[in-house]
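The following account leads the reader through one protein structure, beginning with a single strand and moving outward to its surroundings.

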Amino acid sequence: SPRPRILDFSLTTVSWDMITGRGATLAEVVARLKQYSLREIVWLTSRISLTLAAEEKGELGNPKVQHLLLTKILGTEIAEGIWEILARDPEFDRARAVFFNERQILNTLKLAFLILDSDGDPPGGTRSSVPLVPLVEALLMVSYIIDEREGRVGESEALTMQKQLELYLYANLLFNASGNHVRDIVRSHYFYIESHPDITAHPEFVDLPSLLTNVTGLPPERTWAALFALYASFATHSTEDIDAGAIATGRARYFSTLSNLGEGEAEQWFGLGAKNAAEMQTAVRRRYSLDQPQWFDVLPFEINPLIAFGDAVLCVSLPLLRRLQTTSIWHRLIAQSLPSTTRTAALETRGKIFEKYSPSILRRAFKHDFIDEATLNAQVNPQRTGKGAKSKDAVCDGLVLLGDTVLLIETKESSLRLEARQARSYEVYREKRQALAVKAATQLAATATYLREGRLRPLGLEPSSIRHVIPLIISLEQP
């Protein structure tokens, strides 16, 4: 049978069973992690994450980087031996093989925080060198466990295989999704740092920058600068720096050259992304257990991707630190300390800002070839305004005319509940996705009908000249 096209866009996670020919248990992972102190594991996983980020440069799963890292950790002989074992499978594709990835690393770290005390010493006391093989074995075992059928979703026994796979693929896609960093920064600044008085003048909406200040204790632009400064501290690590052991950032000295920081403000800046190891351990143990590890849930690390042992601050995930200035900034706005009414108003405000943001981007990109919703509405519903008017005919958010092709566009701001994002509830996932898709499809189909009937002819859309109509649903997935 022909190779499924979807495999061209996927990677193969190398796990314990692919190398050893047998599965792994959580007890085996725990046994290997207990050969370290928690500080050693945080240091080693930070080194792996920073190396991946420094070398991959946005190219997830780059095989050269994976080989480089495997060789650095295990040595050339062992690394080549592993590749030889994997090559025995005729369907194995070395170019798509991934040994180390963020979900695997963060879940291994989660287990370490569950079983090791934050102030514990290495087994046998202080040592001059740290063994690496047990940790690599633990990482490969975790890859096996989290992607086995029993570990994929939280309600696997109650779902058909098809539903399990659907929920798992969706959660996995969201977990590994990464956009263009520069564009994400621009969008995040527009949403959370810039004020939108045309929207917040209405009492049902809230000013997101003010809300951010209430939560962080810093002006919005100051919060923005602090988050970028934290990211820059670790994003500028080169492979040479990492190989030389330059993994940690000193809390006391990093911001010491910024003379305009007020007394105690440097600590506030670190507090936006860092948590000391003991506090992180409390957060992890409160949220997870060995019986309920929740493999798609890494929320404590997403909120605080920096972990401090005294003055030394380590980054356990550069991608999560990058997101702290973009999509994860939302976690600052929906903090548990906020009343539910404020959280609801903030969500509604964000949706309204997205409605304003989308057409502005499309207009900038396509100029006069973009026709917005207001123009479509005025054409389709010229007399249906005001009190007592009949219900308006639905239209989509806009369309783009490209020669003989029309792109119909409907944008939806989507905020799936954690049960769906973490593959714990198929019903929650399906209900929200289906409602979004049906509503968007209805508006797209209606606009396509108006186009075919000639009702949009005054806007320069002649039905006989249009050969292709392409409907697009653009969803802004946010936590």
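**A strand covered on both faces**

In this predicted model, strand β5 (residues 306–309) is covered on both of its faces. Leu306 and Ala308 are buried on one side, and Ile307 and Phe309 are buried on the other. In soluble globular proteins, nonpolar side chains tend to be buried together.

The partners of β5 may be considered next. Strand β4 (residues 274–276) runs parallel to β5 and is joined to β5 by three bridges; within this pairing, alanine 274 has leucine 306 as its bridge partner. Strand β6 (residues 312–315) runs antiparallel to β5, with four bridges between the two strands. Here isoleucine 307 is bridged to leucine 314 of β6. The connection from β5 to β6 is a hairpin with two residues between the strands, and glycine 310 in the turn has a positive phi of about 65 degrees.

These pairings belong to an open sheet of four strands, ordered β3-β6-β5-β4, in which the pairing is mixed. The edges are formed by β3 (249–250) and β4, each of which pairs on one side only. Helix α16 (residues 277–287) packs on this sheet, where it touches β4 and β5; the direction of the helix makes about 90 degrees with that of β4.

From the sheet, the description turns to the nonpolar interior. The largest nonpolar core has 115 residues, and Ile307 is among those with the most contacts inside it, together with Leu33, Phe99, Phe100, Phe113, Phe301 and Leu321. Helix α7 (residues 133–147) contributes the largest share of this core, 10 residues. Another core, of 15 residues, lies apart from the largest one and includes Leu399, Leu408, Leu444 and Leu461. Leucine 321 offers a view of the surroundings of one residue: not counting residues up to four places away in sequence, leucine 321 touches Leu230, Tyr231, Phe234, Pro305, Leu306 and Cys315.

A charged residue completes the tour. Aspartate 397 is located in the loop between α21 (373–380) and β8 (398–402). What is the nearest side chain of opposite charge to aspartate 397, and how many Å away is it? It is that of lysine 412, at 5.8 Å. A salt bridge requires a separation within 4 Å, and aspartate 397, although buried, has no salt bridge. Leaving aside neighbours within four places in sequence, the contacts of aspartate 397 are Phe370, Asp372, Glu373, Ile409, Glu410 and Thr411.

Methods
Residues are numbered from 1 along each chain as its sequence is written. This is a predicted model: local features need pLDDT of at least 70, side-chain atom pairs count only at pLDDT 80 or more; totals for chains, interfaces and linings use all residues. Side-chain values use heavy atoms; hydrogens and water are left out. Buried means under 20% relative accessible area, exposed over 50%, partly exposed in between (1.4 Å probe, protein chains only). Lys and Arg count as positive and Asp and Glu as negative; His and the chain ends are not counted. Contact means heavy atoms within 4.5 Å. A nonpolar core is a set of buried Ala, Val, Leu, Ile, Met, Phe, Trp, Tyr and Cys residues joined through side-chain atoms within 4.5 Å. Two strands pair if DSSP finds at least two bridges between them. Axes are lines fitted to C-alpha atoms, for helices over the stretch in contact, and angles run from 0 to 180 degrees between N-to-C directions.
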